Amino acid sequence: MQKRTVKLLAMLLIALLPLCGCSRSLGERAIVKIVYLDESNGQIEAGLAVFTCTPNSDTASVEGEARIYTAQGASIEEALYHAERQQNKKPFYAQNEILLLGPGAAADVTPYLRHFAAENAARPNLAAFLTPLTLEEFAGCEEGIGDIVREGERLMSRGAQGAALTQSLFELELSGESGMRGYLPVFSFSKEEKDFRGVRQLALMEDGAPYRMLEDAPMQLFLLLAERSNRLTLYTQIDGETVSFHAQQLCLTRVSSMAGGVPKLTVRLTGAVEDITADGVPVEAGARQNAAGRINLYLNELAKELNEATFARGNDIFHYGWWMKQFDTASCEALLRAGTLYETAQIEFISDLKPV
């Protein structure tokens, strides 16, 4: 009797093996590397950048055949389902780390981000980008999509100037009734290999929509204040001159206090500034102290403008409120309840870079 039971169990296990999802190799799946979503004329538009490997492949690689499949639907789920059905392999999303949101979706990115945040355990490294490309333009990039994926993955590690330009979904502020707050990078590319591929703009977000674009010097200082970078390499205008300089391994310190019953935070930037040029000419040793002083004043004004664009309007990307609470939690909480913390708190930025 016991032998018969064991035999029946063995036969049952053999019969179930074809049904087990674990037996499916990556070569039998469509490996999704990019999900594109947009909205147009009341329809959700979806695009999937899919890579296929040989039947015996054990790992997903962008060296495989690349295709882009597109579809529309009444919801995110429906649009993605129809895009998946454009090919006959089972979609594999575990290696999907790039989410692109098109121009229509940018009107309110919140529902798109919340949709993927709800399944974050399946894709813990998924990062969202805005993109100016329409679905048709995205689909036209099929031939070079491998290089675009590689650039997106590079941006997710360390981007230009050593800055981490992206955030995983769990880092985004999606809680509460209001829409997403914070910032999103803008990923630009095209089907032309010679065109720029990468991020040169950051979108400040409020209620799920962009309200200001940052690029060049404001973008670099923003990333520094957000602790996504520790260097600056600027080429900008200061007092009518074209000034360039390089500063790295920079340090930010924050000191909280009370000034006239109002919370105050002093943010100080220290470090060395080097390779200073003015109108293309290297600044001589005797004039570097003065040049560094002008650079410090410039950064002070730039930080003030960034504060007006973020903290002063309640978009506390730099977590200044948290630092002020460390000094006087009760006062800060009272001002938050009254809705006046962001308009009354004082933020002082002091750049104290020294020439070398």
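**View 1. Overview of the chain.** Of the 356 residues in the chain, 47% count as buried. The model is predicted. Its chain has 10 helices and 14 strands. Among contacts with a separation of 6 or more, 66% join residues that are 24 or more positions apart. The chain exposes about 18000 Å². Carbon and sulfur atoms supply 51% of that exposed area.

**View 2. A stacked ring pair, tyrosine 36 with phenylalanine 138.** How many aromatic pairs does a search of the whole structure find? The count is 9. This view shows one of them, formed by tyrosine 36 and phenylalanine 138. The ring centres are 5.0 Å apart, and 10 degrees separate the planes. Planes under 30 degrees apart count as stacked, so this pair is stacked. Where do the two partners lie? Tyrosine 36 is in strand 1 (residues 29–40), and phenylalanine 138 is in helix 4 (residues 135–139). The pair therefore ties together parts that are 102 residues apart in sequence. Both tyrosine 36 and phenylalanine 138 are buried.

**View 3. A tilted ring pair, phenylalanine 318 with tyrosine 320.** Here the ring centres of phenylalanine 318 and tyrosine 320 are 5.5 Å apart. Their planes meet at 50 degrees, so the pair is tilted. Are these residues buried or exposed? Phenylalanine 318 has 3% relative accessibility, so it counts as buried. Tyrosine 320, at 4%, also counts as buried. Both residues belong to a cluster linked by ring pairs. Its members are Tyr183, Phe222, Phe311, Phe318, Tyr320 and Tyr342.

**View 4. Arginine over aromatic rings.** Which residue sits over the ring of phenylalanine 196? It is arginine 200, through its charged end. That end is 4.1 Å from the centre of the phenylalanine 196 ring. Arginine 313 lies over the face of tyrosine 211. Its distance from the ring centre of tyrosine 211 is 3.8 Å.

**View 5. Helix 7, from end to end.** Helix 7 covers residues 288–309, which makes 22 residues. What span should helix 7 have at 1.5 Å a residue? The expected value is 32 Å. The end C-alpha atoms of helix 7 are 31 Å apart, which agrees. Buried residues in helix 7 include Ala291, Ala292, Ile295, Asn296, Tyr298 and Leu299. Further along helix 7, Asn300, Leu302, Ala303, Leu306, Asn307 and Ala309 are buried too.

Methods
Residues numbered from 1 in each chain as written. Predicted model: local features only at pLDDT ≥ 70, side-chain atom pairs only at ≥ 80, totals over all residues. Heavy atoms only, no water. Helix = DSSP H or I, 4+ residues; strand = E, 2+ residues; numbered from the N terminus. Buried < 20%, exposed > 50% of the residue type's maximum accessible area, 1.4 Å probe, protein only. Contact = heavy atoms within 4.5 Å. Areas by Shrake-Rupley, 256 points an atom, 1.4 Å probe, with all protein chains shown as cover. Phe/Tyr/Trp six-rings, centres within 6.5 Å; stacked < 30°, edge-to-face > 60°. Lys NZ or Arg CZ within 6 Å of the ring centre and 35° of its normal. Expected span 1.5 Å × (residues − 1).
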